[in-house]
Amino acid sequence: MTIQELIEKTTELQISLSETQVKQLEQYAQLLVEWNEKMNLTAITEHGEILEKHFYDSILPLGKGKIFGKIADVGTGAGFPGLVWKIVKPELDVSLIEPTGKRCTFLQEVMNQLHLENIHVYNTRAEEQVKTDREQYDVVTARAVANLRVLSELCIPLVKVNGLFLAMKGMQGNVEAKEAAHATKMLGVELEETQDISLYTGDMRVNLYYRKVSHTPQQYPRNYGQIKKKPL
């Protein structure tokens, strides 16, 4: 994918990128490649693949018009999708939650160089962040972090009632959604919409939009060891 193709595909989603935003995305891609030489940020380092498999993939949910307000990106890694969302929709208030300190240093550097405001990096795990931010976010998302049964317990307690949990998944997303039906119901959300979509070169993506309909019981999330050993 070229930068022009990214602009065109983004326009199809009814999102127009300014010259400044395009420059920010290009600079982000450059920093990703540079920093990846000294730490493990991504296996995808070819420019066209970064544009497609990181940037375009991150932008896809924004075309639905459901992403607004105060956002948390759990296990953001190198900033996908949260940092991309902030560039494309500067009005968002974005929190990037990432337990690996080196990745947080990278995120802070990108934010500084791109002069982004109203975006925060938290070097912590989601189950720790919930102690201060329980049910504080309009939208909580995660991309390529964990199986949905595990992911649900990490993310949903952060979502405010009537807010949205967006799980960004690969081609097995619908299978995971069925397996996690008990967990998501227990944690207070209902599946509102499924977005099955292919990237520019045909790779399948499944984005699962869950609406929070009731408060998450106080005993969740458990500690990560318990969540992983015995998912809901």
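# A guided tour from Glu-98 outward

Select Glu-98 first and display its surroundings: apart from neighbours within four places in sequence, Glu-98 is in contact with Gly-75, Thr-76, Gly-77, Arg-103, Cys-104, Leu-107, Tyr-122, Asn-123 and Thr-124. Please bear in mind throughout that the model is predicted. Glu-98 sits in the loop that runs between β2 (93-97) and α5 (101-113). Is Glu-98 buried or exposed? Its relative accessibility is 3%, so it counts as buried, the limit being under 20%.

Next, move along to Thr-100, which is placed in the loop between β2 and α5. Thr-100 has a relative accessible area of 34% and is therefore partly exposed.

**The annotated positions**

Now select Gly-75, Phe-80, Glu-98, Pro-99, Thr-100, Ala-126, Glu-127 and Arg-143 together. These are the residues covered by the annotation "binding site" in the unreviewed UniProt entry. Which of this set belong to the lining of the largest pocket? Gly-75, Phe-80 and Arg-143 do.

**The two pockets**

Keep those residues visible and turn to the largest pocket, which holds about 250 Å³ of space. Its lining consists of 13 residues, and those nearest the centre are Leu-41, Thr-76, Gly-77, Ala-78 and Ala-144. By class, the lining comprises six nonpolar, five polar and two charged residues.

For the second largest pocket, select Gly-75, Pro-99, Arg-125, Val-145 and Leu-154, which lie nearest its centre among 13 lining residues. The space there comes to about 160 Å³. Eight nonpolar, two polar and three charged residues make up this lining. Gly-75 and Pro-99, seen here, also appear in the UniProt annotation.

**Aromatic rings and Phe-80**

Return to Phe-80 and add Tyr-28 and Phe-55: ring pairs link these three residues into a cluster. Phe-80 also repays a look at its backbone, for a cis peptide bond joins Phe-80 and Pro-81, with omega about 5°. Pro-81 lies in the loop between β1 (70-74) and α4 (82-88).

How many aromatic pairs does the model contain? The count comes to five. One of them is formed by Phe-165 and Tyr-210, whose rings are stacked at 5.7 Å centre to centre with 25° between the planes. This pair links distant parts of the chain, since Phe-165 belongs to strand β5 (residues 159-169) and Tyr-210 to strand β7 (residues 204-212), 45 residues apart. Phe-165 and Tyr-210 are both buried.

**Backbone points of note**

From strand β7, continue to Tyr-220 and Pro-221, which are joined by a cis peptide bond with omega about 5°. Pro-221 is found in the loop between β7 and α10 (224-229).

Most peptide bonds are trans, and most residues other than glycine have a negative phi. With that in mind, select Gln-14, whose phi is positive, near 65°, in a residue other than glycine. Gln-14 is located in the loop between α1 (3-12) and α2 (19-36). Its relative accessibility is 76%, so Gln-14 counts as exposed.

The tour ends at His-115, which has a positive phi of about 55° although it is not a glycine. His-115 is placed in the loop between α5 and β3 (119-122). What is the accessibility class of His-115? His-115 counts as exposed because its relative accessibility is 67%, and exposed means over 50%.

Definitions and conventions: Residues are numbered from 1 along each chain as its sequence is written. This is a predicted model: local features need pLDDT of at least 70, side-chain atom pairs count only at pLDDT 80 or more; totals for chains, interfaces and linings use all residues. Side-chain values use heavy atoms; hydrogens and water are left out. On a 1 Å grid over the protein atoms alone, a cavity is a set of points where a 1.4 Å probe fits but cannot get out, and a pocket is an open set with protein on both sides within 12 Å along at least five of seven lines; lining residues have an atom within 4 Å of a point. Grid points are joined across faces, edges and corners, and a volume is the space filled by probe spheres set on the points. Ala, Val, Leu, Ile, Met, Phe, Trp, Tyr, Cys and Pro count as nonpolar, Asp, Glu, Lys and Arg as charged, and the others, Gly among them, as polar. UniProt positions are given in the numbering used here, feature names are shortened, and annotations may be inferred rather than shown by experiment. Helices (H or I, at least four residues) and strands (E, at least two) are DSSP runs, numbered from the N terminus. Buried means under 20% relative accessible area, exposed over 50%, partly exposed in between (1.4 Å probe, protein chains only). Contact means heavy atoms within 4.5 Å. Rings of Phe, Tyr and Trp (its six-membered ring) pair if their centres lie within 6.5 Å; planes under 30 degrees apart count as stacked, over 60 as edge-to-face and the rest as tilted.
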